[in-house]
Amino acid sequence: MPQHVAIIMDGNGRWAKKRFMPRIAGHKRGVESVRAMVKACIQRDIPYLTLFAFSSENWRRPEEEVSFLMNLFIRALEDEVVKLDRNGVCFRVVGDLTHFEPKLVELIARAERLTAGNKRLTLTVAANYGGRWDIMRAVQRLLAAQAGQGGELTEADLAKHLAMAYAPEPDLFIRTGGEQRVSNFLLWQLAYTELYFTDLLWPDFNAAALDAAIASYHNRERRFGRTSEQLREECAAQPPLTGAAAALEDQQQDA
Ligand code: IPE
Ligand code: IPE
Ligand code: MG
């Protein structure tokens with residue numbers, strides 16, 4: 001199973017337009033798909049789910065749409081956080097929250113505090129997030145931390161200042177809505193992520209669609225720059241499981 005699935009939830013507006021409804025109706029329906037994904041990831045033992053909800057460029061949308069999205073976020077937090085907590089979900093938000101209204105910022109802080117100890121699934125919502133913003137901020141933090149120290153900088157030095165330093169990099173990226181671009185999502189972290197694009201619109205995306213994405217992921221060979229032959233040799237060289245580890249594996253297979 002992928003350990004971290006990151007999704008660009010796109011196509012809400014088109015879903016609504018197809019039904020002669022206002023775009024915001026699509027956003028409202030999109031919340032259902034979010035619920036379904038949280039449940040599906042818990043059921044599949046996927047420990048990290050990251051959802052792109054609002055990009056730093058989405059402020060360019062009509063004012064009513066932006067304010068509807070903000071209110072939808074507020075309502076979703078009010079309605080869902082207790083349920084998330086009960087289901088062992090650790091909730092986090094990444095992005096520049098400075099331009100959000102204080103009520104929303106407070107709800108986010110409260111939700112993060114309440115669910116901080118949960119271990120089953122880490123659900124991250126990227127809100128007013130941009131990959132370039134994230135990298136720029138990490139560079140500034142790194143420079144501040146390094147001040148006057150000099151010395152050689154490594155990728156790891158920078159990565160630990162990124163907004164999602166608490167999570168492994170995504171194994172599987174999914175974008176719904178048919179567009180094949182990254183739209184300033186997790187730029188640094190997607191370097192070796194498997195990319196999956198589907199024409200399904202976000203409100204139509206469900207557990208079966210997630211399974212199709214995971215099946216595609218399982219058919220990929222993640223070489224990280226090496227050759228297929230090298231990977232096969234490494235696999236063959238891995239010692240067989242013995243003792244407790246083998247027993248645990250048998251148990252898991254039986255279950
Ligand atoms: C994604 O759906 C939701 C947000 C960006 C907030 P869109 O609103 O982009 O839907 P389309 O792409 O116009 O159909
Ligand atoms: C990307 O969707 C951002 C989110 C889903 C939050 P957009 O619909 O804003 O992306 P573009 O503008 O088509 O690239
Ligand atoms: Mg879109």
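**Figure 1. Helix 1 gives the largest share of the shell around ligand 1, three residues.** Helices (H or I, at least four residues) are DSSP runs numbered from the N terminus, as are strands (E, at least two). The model is predicted, so local features need pLDDT of at least 70 and side-chain atom pairs pLDDT 80 or more, while totals for chains, interfaces and linings use all residues. Side-chain values use heavy atoms, without hydrogens or water; residues are numbered from 1 along each chain as written, chains are lettered from A and ligands numbered from 1 in the order written. Around ligand 1 (a heavy atom within 4 Å) are Met9, Asp10, Gly11, Asn12, Gly13, Arg14, Arg23, His27, Ala53, Asn58, Arg61 and Leu69. By residue type, this shell holds three nonpolar, five polar and four charged members. Here Ala, Val, Leu, Ile, Met, Phe, Trp, Tyr, Cys and Pro count as nonpolar, Asp, Glu, Lys and Arg as charged, and the others as polar.

**Figure 2. Polar contacts of ligand 1 with Asp10, Gly13 and Arg23.** A polar contact is a pair of N or O atoms within 3.5 Å. The side chain of Asp10 places a polar atom 2.8 Å from an oxygen atom of ligand 1. For Gly13, the partner is a polar backbone atom, 2.9 Å from a ligand 1 oxygen. Arg23 has a polar side-chain atom 2.8 Å from an oxygen atom of ligand 1. On its own, ligand 1 has 380 Å² of accessible area (Shrake-Rupley, 1.4 Å probe), and the protein covers 87% of this area. Two elements, helix 1 (12-18) and helix 2 (23-43), give two or more residues to the shell around ligand 1.

**Figure 3. The largest pocket and its lining of 45 residues.** On a 1 Å grid over the protein atoms alone, a pocket is an open set of points where a 1.4 Å probe fits, with protein on both sides within 12 Å along at least five of seven lines; lining residues have an atom within 4 Å of a point. Nearest the centre of the pocket are Met9, Val34, Phe52, Ala53 and Trp202. Helix 3 gives the most to the lining, 10 residues. At least two lining residues each come from helix 1, helix 2, strand 2 (48-55), helix 3 (63-86), strand 3 (89-94) and strand 4 (121-129). The lining consists of 24 nonpolar, nine polar and 12 charged residues. Ligand 1 takes space in this largest pocket (more than half of its atoms within 2 Å of the grid points). Ligand 2 also sits in the largest pocket.

**Figure 4. The shell around ligand 2, to which strand 2 gives the most, four residues.** Ile8, Met9, Asp10, Phe52, Ala53, Phe54, Ser55, Asn58, Arg61, Arg175, Arg181 and Ser183 surround ligand 2. Five of these shell residues are nonpolar, three polar and four charged.

**Figure 5. Polar contacts of ligand 2 with Asn58, Arg175 and Arg181.** A side-chain N or O atom of Asn58 lies 2.9 Å from an oxygen atom of ligand 2. For Arg175, the distance from a side-chain N or O atom to a ligand 2 oxygen is 3.2 Å. With Arg181, a side-chain N or O atom is 2.8 Å from an oxygen atom of ligand 2. Ligand 2 taken alone exposes 390 Å², and the protein buries 79% of that.

Methods. Polar contact = N/O pair within 3.5 Å; in protein donor to acceptor, adjacent residues only side chain to side chain.
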